[in-house]
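Work through the exercises below with the structure open. Each task is followed by its solution.

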Amino acid sequence: MIVSVSRNTLDRAAAILKAGGLVAFPTETVYGLGGDAFNPRALAGIFAAKERPFFDPLIIHIADMKDLEKAADPGALPPAARRRLEVLSSKFWPGPLTLILPRRPELPDLATSGLATAAVRFPSHPAARELIRRIGAVAAPSANRFGRLSPTRAEHVEEQLGGKIDLVLDGGRTGVGLESTVLDLCGAFPRILRPGGLAREAIEEAVGPVAMGPAEGGGPAGEGPSASPGMLKSHYAPGTPLVLCGSWEDIPDDPAAALLFFSGSSREKFLARFPLYDSELRLKVLSGPGDRTEAAANFFDMLHELDRAGFSRIYAEKAPDGGLGDAINDRLSRASIFRK
Ligand code: TXA
Ligand code: MG
């Protein structure tokens, strides 16, 4: 059931969470499916509703720095990492950054998939903050079925999870449009496990060089970076097969397909070659001027729309690397069946 955000519905949502129920709510990145992080029954319900495998741990959302230590144990970090935590949390929280930190033993194993670490995020969306503040620590993956497109609107949640959860709080379309950046602070150097709504460049400006991608093999407890169990090759996928194209020139003349361009100029060049394609429904542009932040905000939203329209394929143009382009390209490559 979808209700718009208000004081009343936030109270109702908080009561549901306190009773062990599940509520989908807007964040600045994508909609989350929330449950009380300390209630194993709620956590099990999240995995069941999403059909998510138990090896893929959840992000614990907080709305007050004093709640950080409910989930994580910053004191167990080496001093350099503790300083990075201080800099990053004061600079980028609340916001689209998730930090992997040593966990508290009290946190249920279901939340962390039994890892020695916990993922923590302090979102900036006002409705998310209001709701989380009333609970303390809310476990929330993106509110989609496992492996599918992440929701940027309440209706996307209802389509995928309707009937399986207690309430959907509708706060309109999300602003950032892509999930948070997941940054592991447990290793000798910070490592981005998932590029997302906070660009690598911004993190490096604050704390120096960061490594990128899953750790190879990981390291001994406390030394090496954590494993990143959720970083599956295939993920974030529409129902329609998606083909990732290196540039507009690789997009073929396929009348049954929908096309997703990064910029207006790519679309113009494509149309100069294939003028018959001009249709709003079939051709989407992530950002007219080619702005990566705007493109990220439109990314899942446009994919949902194209997915619903019943094309045989979606051809999508790669974004330029750097900034939020890295997160867009990460999602595109996981969504694609093959690349051209
Ligand atoms: O923007 C977001 O992060 C959204 C909103 C709702 O906050 N949440 C989200 O959650 O994207 P989810 O569950 O879809 O993705 C969480 C990612 C997964 O890839 C998971 O494997 C990883 O974070 N993760 C969680 N705990 C981890 C841990 N202890 N170590 C490494 N990776 C972890
Ligand atoms: Mg997800």
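Two residues are in contact when heavy atoms lie within 4.5 Å. The model used here is predicted.

**Exercise 1. Find the domains and state how many residues of each are in contact with the other.**

Step 1: take the bounds. The domain assignment gives domain 1 as 2–212 and domain 2 as 242–339.
Step 2: place the centres. Over C-alpha atoms, the centres of domain 1 and domain 2 are 28 Å apart.
Step 3: apply the contact cut-off. Domain 1 contributes 24 residues, and these touch 18 residues of domain 2.

**Exercise 2. Compare the radius of gyration of the protein chain with that of a compact globule.**

Step 1: start from the length. The protein chain has 340 residues, so a compact globule would have a radius of gyration near 20 Å.
Step 2: compare. The protein chain has 20 Å, which agrees.
Step 3: add the box. Along the principal axes, the C-alpha atoms fill roughly 60 × 45 × 30 Å.

**Exercise 3. Describe the fold by its elements, contacts and burial.**

Step 1: list the elements. The protein chain holds 11 helices and 16 strands.
Step 2: sort the contacts. Among those with a separation of 6 or more, 70% join residues 24 or more positions apart.
Step 3: check burial. Buried means under 20% relative accessible area. By that cut-off, 58% of the 340 residues are buried.

**Exercise 4. Characterise the surface and charges of the protein chain.**

Step 1: take the area. About 13400 Å² is exposed, and carbon and sulfur atoms supply 53% of it.
Step 2: count charges. There are 40 positive and 41 negative side chains.
Step 3: locate them. The centres of the two sets lie 2 Å apart.

Technical notes:
Residues are numbered from 1 along each chain as its sequence is written. Chains are lettered from A and ligands numbered from 1 in the order in which they are written. This is a predicted model: local features need pLDDT of at least 70, side-chain atom pairs count only at pLDDT 80 or more; totals for chains, interfaces and linings use all residues. Side-chain values use heavy atoms; hydrogens and water are left out. Helices (H or I, at least four residues) and strands (E, at least two) are DSSP runs, numbered from the N terminus. The radius of gyration is taken over C-alpha atoms; the globule rule is 2.2 Å times the number of residues to the power 0.38. Buried means under 20% relative accessible area, exposed over 50%, partly exposed in between (1.4 Å probe, protein chains only). Accessible areas come from the Shrake-Rupley method with a 1.4 Å probe; for residues, only the protein chains shown count as cover. Lys and Arg count as positive and Asp and Glu as negative; His and the chain ends are not counted. The place of a charge is taken as NZ of Lys, CZ of Arg, CG of Asp or CD of Glu. Domain bounds come from an automatic or database domain assignment.
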